[in-house]
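Before reading further, please bring up the sequence and the structure side by side. The numbered points below are meant as a guided note for someone who has not worked with this entry before.

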Amino acid sequence: MARDLKYTRNIGIMAHIDAGKTTTSERILFYTGKTHKLGEVHEGAATMDWMVQEQERGITITSAATTAFWKYNGKDYQINLIDTPGHVDFTVEVERSLRVLDGTVATFCAVGRVQPQSETVWRQADKYGVPKIAYVNKMDRVGADFLAVIDEMREKLGANAVPLCLPIGAEDKFAGIVDLISNRAIIYNQDSKELVNYTYAEVPAEMQADVEEWRGKLVEAAAEYNDELLEKFFEDPDSITEEELIDALRKATIDMAIVPVCCGSSFKNKGVQFLLDAVMRFLPSPLDKGEIKGTNPTTNNEETRKFDSKEPFCALVFKIATDPFVGRLAFLRAYSGRLDAGSYILNTRSGKKERVARLYQMHSNKQNPIEFVEAGDICAAVGFKELRTGDTICVETNPIVLESMTFPDPVIGLAVEPKTQKDLDKLGIALGKLAEEDPTFTVRSDHETGQTVISGMGELHLDIIVDRLRREFGVEINQGAPQVNYKEAITSTVQHREVFKKQSGGRGKFADIIVEIGPADEGVVGLQFVDEVKGGNIPREYIPSVEKGFKSAMANGVLAGYEVTAMKVVLKDGSFHPVDSDSLSFEICARQAFRHALPKAAPVLMEPIMSLEVVTPEDYMGDVIGDLNKRRGQITNMDSKGNARIVKAKVPLAEQFGYVTILRTITSGRATSTMEFAHYAELPSNLAKEVIEKSGNRKLDDMDE
C-alpha cells in the first residue's frame, strides 16, 4: 500500500560552522529512536559525521542523509534528514541538498547569532524557495540571548522571525521553555537518557507578562495571514484555538511569509523534541509543494509532474558518492511515480538507458536495501555508470528534464604528483572519482609543465581532498604551493579578419572570417555569439564551427593561459572555397582569430576577491586592520557585538594564504575569521606582469594543431 505523503518531511539542517548542526542531528536520531546512544561531535563519535576527517576535525564535510520516524498527534511521520556542512569551502554540499529538500531547519548559535555563513545558506534556501523554521541552539552558553538572535534575523536576513517559545532562564540557568501555542512550560532533565526527558508545568509567575506579550505577537502574526482569524483576533483573541493557530502558522511558513523560531540546547538535551514537533507542524510535506516543473527534451515544452506515485517516474540526482563496499552511490530525490530495484530508466542528459541494480534507504554511511522508491522520497541507488550530479532520470516513455543545479567555479589550485611512479594510474582513478562526487573540485593537466593541477573552493577543501587521497585511495602525493585560479577578460572591442589557408597536396584547407570581438553584454557568462552574415558568404553549416572554435579557444587566454570568462563575438562576413572549405577549416580559423585578435582587445587578468569577516577583541583592532591594509584589503564595514569588534573587508584571495595562522599570532589566538568568494576583479597591472612572467607567457602556438 502506498504511504501517505502527508506524513513525510524532507528536511535539512543548515547553519554557520559551530552552531551545533551535527549535535542537533544526533539528538534528533536519538529521540526518534534511530540511535540508542548519544554521539558527540567533540568525542569524534557523531553518527552523521562518518568520515575520518570529519571526526578528527569536528566539522561536517559531506551532507549525510538518514531516515527516521517521529510520532506527532498520534501519527507516525517519516523524516528524511540531511545534515549539511557549515564551512564555506563545502558550500556546494548545502546548495545541492537545498535543491531537493522541502523544508529546512536553520540553526543559530545563541551567542554568535547571525554569522556570515548563516547569511549565505539563508540566501541559498531563498533561491530554491525552501520554507524555514529557525532553531536557536546553545542557550546554555555564557552570553546566550534568544531575543537578540530574533532581532538579528529580522535585521540581517530580512526574515519575519516569530518565536514559538520563550526560554526559561539562560546560560547555566537555562532550564526549559514556555510553549507560546499551548501556553505551558516544558522543564527538561538534561541528565536523563530517557526519550521523554521533560515534564509540563505552569508558566513561571515572573514570566507571565512576557509570555502574554509574545503570545499576542504570535497570534497576531498568524491572524495577519488568515482573514477569519483576523476577525476573531480583534473580537476576542482568546477564542482562537490551538488548531486554528497552528494551521494559520503552517500556511504562512510554507508560503515563506514567516519563520517560526524555537530554542534549546542540543548538547544538554533540551528543546529537541519541541523542535521535532515544530517540523511536523509547520514544514511542508511533498504534497504541500504541489508539483515540479520541467522541460520535455523532445518538444522543449514546459511540463509538470505531481508528487504522486501514479504519475510517470522522475527524480533528480543531487549527489554522487563512492562507497568502499557498494561502489558508486547516486543519491536521488524522487518527485513523481515509482521506481523498482532492477528496472531501467532514462538519463535525459546522456539520452541513454541505465539499469538500477539496487536501491537503499540511507542511514549516514550505512545502507538498508529497499525494493522500490516512490514520489517524495530520498534514497540512494547503485548500478548507474554515467550519472552526474544534477542529472534527471525518468521513464523512457515520458521524458522530462528538471532544472539542474549551477555550481561556483573553483578559486584555488594545487599542483600534485604521486610520490612513486607506480601510483600514477591510482592517482588518476582516485581524482576521477573525487571529481565525480564534487562538482566544485576539478582536475586538469598543465600542458606546459606536465603537472596535474587540482582546483577547489579553498585551502581546507584541497586539504581534505589530499587527505582522502592518502587514506581512502592509498595514494601518497607531493604537492606544490596553492595557486590562485585567475581568469582573463577583454576590455575593448576590435575588428579582425582571419584567413586560414593550407595546401598539402590534393585537397587543401580554406576559411575566411571577419569578426568583431569585444566584452560580453552585462550579466552574460561564456561566449555570446552573434551571426550577422548576409547573402550566404559563409554557408550556414559552417557557422556553428566558427562558434565552436571561439568557445574552445576561450579555455586558454592570450596573457597567461587562464580561461577567458566572457566575450562577445559578432561574425560580420567572410568567404569560403567550394572545394577546400569544410567545418574543421572554419573551426581552426576561429581559434587563430581568437589568438591574433585578443592581444589588441586590451586583455586583463582577473583575480578572485573574497568577503572576509573578522571577529576580534577591541585591543587588537588596530593590528587586524593594519594587517588587512597590507593585504590590499578594503574595509567595507566595522561593527560591534558585545565586547567584540567585527571587521568586514574585501580581500584578494592571493593575499589570504595562511591568513588564519597570522591572525591567531597577531591576536594571541583570540580572533576568528570566516571567508567566502565574492567576485572577480581586475588585477593591478604591476601584479599582472608578475603572474604573466611566472606563467612563461604561454603564447599557445600549438593551440590550433
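1. A useful place to begin is strand 12, where the side chains alternate: Ile 292 and Gly 294 point to one face and are buried, whereas Glu 291, Lys 293 and Thr 295 point to the other face and are not buried. Please keep in mind throughout that this is a predicted model, and that the points below describe its coordinates as they stand.

2. Strand 12 belongs to an open sheet of three strands, whose order is 13-12-24 and whose pairing is antiparallel. Strand 13 (302-306) and strand 24 (401-402) stand at the edges of this sheet, and each of them has a single partner strand, so one side of each is left without a neighbour in the sheet. As a general reminder, the strands of a sheet pair through backbone hydrogen bonds, in either a parallel or an antiparallel manner.

3. How many bridges join strand 12 to strand 13? There are five, with the two strands running antiparallel, and within this pairing Ile 292 stands opposite Arg 305 of strand 13. The two strands form a hairpin with six residues between them, and in the turn Asn 300 has a positive phi of about 65 degrees.

4. On the side of strand 24, two bridges join that strand to strand 12 (residues 291-295), and the two again run antiparallel. Here Gly 294 stands opposite Leu 402, while Thr 295 stands opposite Val 401. Gly 294, one of the buried residues of strand 12, and Thr 295, which is not buried, thus both have a facing residue in strand 24.

5. Turning to the chain as a whole, its secondary structure comes to 16 helices and 38 strands. Buried residues make up 55% of the 705 residues in the protein chain. Among the contacts between residues at least 6 apart in sequence, 72% join residues that are at least 24 apart.

6. The largest nonpolar core has 80 residues, and those with the most contacts inside it are Val 105, Phe 108, Trp 122, Met 153, Leu 164 and Leu 249. Helix 9 (residues 272-282) contributes the largest share of this core, namely eight residues. Leaving aside residues up to four places away in sequence, Phe 108 touches a set of residues that includes Ala 19, Trp 122, Tyr 135, Val 149, Met 153 and Leu 157. A second, separate core has 31 residues, among them Ile 538, Ala 553, Val 569 and Cys 589.

7. The structure holds nine aromatic pairs. In one of them, the rings of Tyr 486 and Tyr 562 have their centres 5.6 Å apart and their planes at 65 degrees, and because an angle over 60 degrees counts as edge-to-face, the pair is described in that way. Tyr 486 lies in the loop between strand 29 (483-484) and strand 30 (487-490), and Tyr 562 lies in the loop between helix 12 (543-553) and strand 34 (566-575), so the pair ties together parts that are 76 residues apart in sequence. Both residues are buried, Tyr 486 with a relative accessible area of 12% and Tyr 562 at 18% relative accessibility. Elsewhere, Tyr 7, Tyr 72 and Tyr 77 form one aromatic cluster.

8. Aromatic rings also take part in contacts with charged side chains. The charged end of Arg 338 sits over the ring of Phe 372, 3.8 Å from its centre, and the charged end of Lys 353 sits over the ring of Tyr 344, 5.5 Å from its centre.

9. Is Asn 347, a residue of strand 17 (residues 344-347), buried or exposed? Asn 347 counts as buried, because its relative accessibility is 0%. The side chains of Asn 347 and Asp 391 are joined by a polar contact of 3.5 Å. Not counting residues up to four places away in sequence, Asn 347 touches Lys 352, Glu 354, Glu 386, Leu 387, Asp 391 and Thr 392.

10. A last residue to inspect is Lys 422, found in the loop between strand 25 (412-418) and helix 10 (424-437). With a relative accessibility of 70%, Lys 422 counts as exposed. Lys 422 and Val 475 are 53 residues apart in sequence, while their C-alpha atoms are 9.9 Å apart in space.

Key:
Residues numbered from 1 in each chain as written. Heavy atoms only, no water. Buried < 20%, exposed > 50% of the residue type's maximum accessible area, 1.4 Å probe, protein only. Polar contact = N/O pair within 3.5 Å; in protein donor to acceptor, adjacent residues only side chain to side chain. Contact = heavy atoms within 4.5 Å. Pairing = 2+ DSSP bridges. Helix = DSSP H or I, 4+ residues; strand = E, 2+ residues; numbered from the N terminus. Phe/Tyr/Trp six-rings, centres within 6.5 Å; stacked < 30°, edge-to-face > 60°. Lys NZ or Arg CZ within 6 Å of the ring centre and 35° of its normal. Core = buried A, V, L, I, M, F, W, Y, C linked by side-chain atoms within 4.5 Å.
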